[in-house]
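Me: I'm new to reading protein structures, and I'd like to look closely at one part rather than skim everything. Could you pick a spot and walk me through what surrounds it, step by step?

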Amino acid sequence: MLRHLGPLVHLYLSSLRIIPKNSDFCAQRINIGDVMPVEFYFFRTFDFVNQRPRMPMTQITDADRRFMQMAIDLSVENVKNGGGPFGAVIVKDGEVVATGTNRVTANNDPTAHAEVSAIREACQRMRHFKLEGCICYTSCEPCPMCLSALYWAGVSAIFYGNTKEDADRIGFGDDFIYREIEKPYEYRSIPIHGMMRNEALEAFRQWELKDDKIEY
Ligand SMILES: [Zn+2]
């Protein structure tokens, strides 16, 4: 009940300026023990006013333009080679470490986006699972998967060429994934169910006991 009323309550309270306009209504389900799901509701706020932007103004250099042009050239070339219109370049200390293009249909690999392909190659070349100090230049604003992968890789910065909206216009929209992430599980288009939590926790228990684990 509250779940359905929540957005309306939020709208009402934000119109009265009781809660900020840049907040939204959230419903979160947590499992207590293994069986009892409990839902709690809250208004989530991001403080855009007091939060200092991490990169307020980036001076784009000639080198940045050169690497972005490389990513763009890869994206154009890839269309001719049967791939999707996306290219990415990973650079460290002014040197190209790896490049990637979209090979989803060519390789029958839904994860073969340009950025992920470039991350895989860069990590192999650098023999490390982190890309610290690396910059990713990608011809298109990253999708949720690639953005996540870039965060997991720990790159220092991301530059993109065309935008999510541009991609959406030619049939490569990824906004639905961002919207799905926001939704409670029971509202998502792909059913997702928790089960056998205690059994699945066994690996975590062993991990915690392990002395020689490589943390990341
Ligand atoms: Zn992607």
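Reply: Let's come in through R127, which sits in the loop between α4 (residues 114-126) and β5 (residues 134-140). Keep in mind that this is a predicted model. R127 has a backbone detail to look at: its phi is near 50°, a positive value in a residue that isn't glycine. Is R127 buried or exposed? It counts as exposed, because just 6 C-beta neighbours lie inside 10 Å, and the cut-off for exposed is 12 or fewer.

Follow the chain onward and you reach β5, the part I'd like to zoom in on. How many of the residues in β5 are buried? The count is 7 of 7, so the strand is mostly covered. For the protein as a whole, with its 216 residues, 21% count as buried.

Now for the strands alongside β5. Strand β3 (residues 87-92) pairs with β5 in the antiparallel sense, and 5 bridges hold that pairing. If you want a place to put your finger, find I90, which stands opposite C136 in β5. Then there is strand β6 (residues 157-162), which runs parallel to β5 and is joined to it by 5 bridges. Here the spot to look for is T138, standing opposite Y160 in β6. To get from β5 to β6, the chain crosses through helix α5 (residues 144-153), and this β-α-β crossover is right-handed.

Let's step back to the whole sheet. It is an open sheet of 4 strands in the order β4-β3-β5-β6, and the pairing is mixed. Which strands stand at the edges? They are β4 (residues 95-101) and β6; each has a single partner strand, so one side of each is left without a neighbour in the sheet. From one strand to the next, the twist averages 15°. The pairing we haven't visited yet is the one between β3 and β4, which is antiparallel and has 6 bridges. There you can spot V91 standing opposite V96 in β4.

Next, the helices that lie across these strands. α4, the helix just before R127, lies across β3, β4 and β5, and it runs at about 140° to β4. Another helix, α2 (residues 62-80), lies across β3, β4, β5 and β6, running at about 150° to β3.

α4 also has a helix for company. α4 and α5 pack with their axes 8 Å apart, at an angle of about 25°. How are the two helices oriented to each other? Angles under 35 degrees count as roughly parallel, and α4 and α5 are therefore roughly parallel to each other. Their crossing is left-handed. The residues making the contact are E115, V116 and I119 on the α4 side, and M145, C146, A149, L150 and A153 on the α5 side.

Look just before α4 and you'll find T111, in the loop between α3 (residues 104-107) and α4. T111 touches V116 and M145, leaving aside residues up to four places away in sequence. Those two also appear in the contact between α4 and α5, V116 from α4 and M145 from α5. T111 and C146 are 35 residues apart along the chain, and 8.7 Å separates their C-alpha atoms. With 13 C-beta neighbours inside 10 Å, T111 counts as partly exposed, because 13 lies between the cut-offs of 12 for exposed and 20 for buried.

There's a similar stop beside α2. I60 lies in the loop between β2 (residues 36-45) and α2. I60 and F159 are 99 residues apart in sequence, while their C-alpha atoms are 9.5 Å apart in space. I60 is exposed, since it has 10 other C-beta atoms within 10 Å.

Finally, here is some context for the part we've been looking at. The secondary structure of the protein comes to 9 helices and 6 strands. Among the contacts with a separation of 6 or more, 42% are between residues 24 or more positions apart. And if you'd like one more backbone detail to set beside R127, try M196, in the loop between α7 (residues 175-182) and α8 (residues 197-200). M196 isn't a glycine, yet it has a positive phi of about 50°. M196 counts as exposed because it has 8 C-beta neighbours inside 10 Å.

Key. Residues numbered from 1 in each chain as written. Predicted model: local features only at pLDDT ≥ 70, side-chain atom pairs only at ≥ 80, totals over all residues. Pairing = 2+ DSSP bridges. Right-handed = clockwise from strand over helix to strand, strands pointing away. Contact = placed C-beta atoms within 7 Å. Axes fitted to C-alpha atoms, helices over the stretch in contact; angles between N-to-C directions. Parallel < 35°, antiparallel > 145°, perpendicular 65-115°, else oblique. Left-handed = near helix turned anticlockwise from the far one by under 90°.
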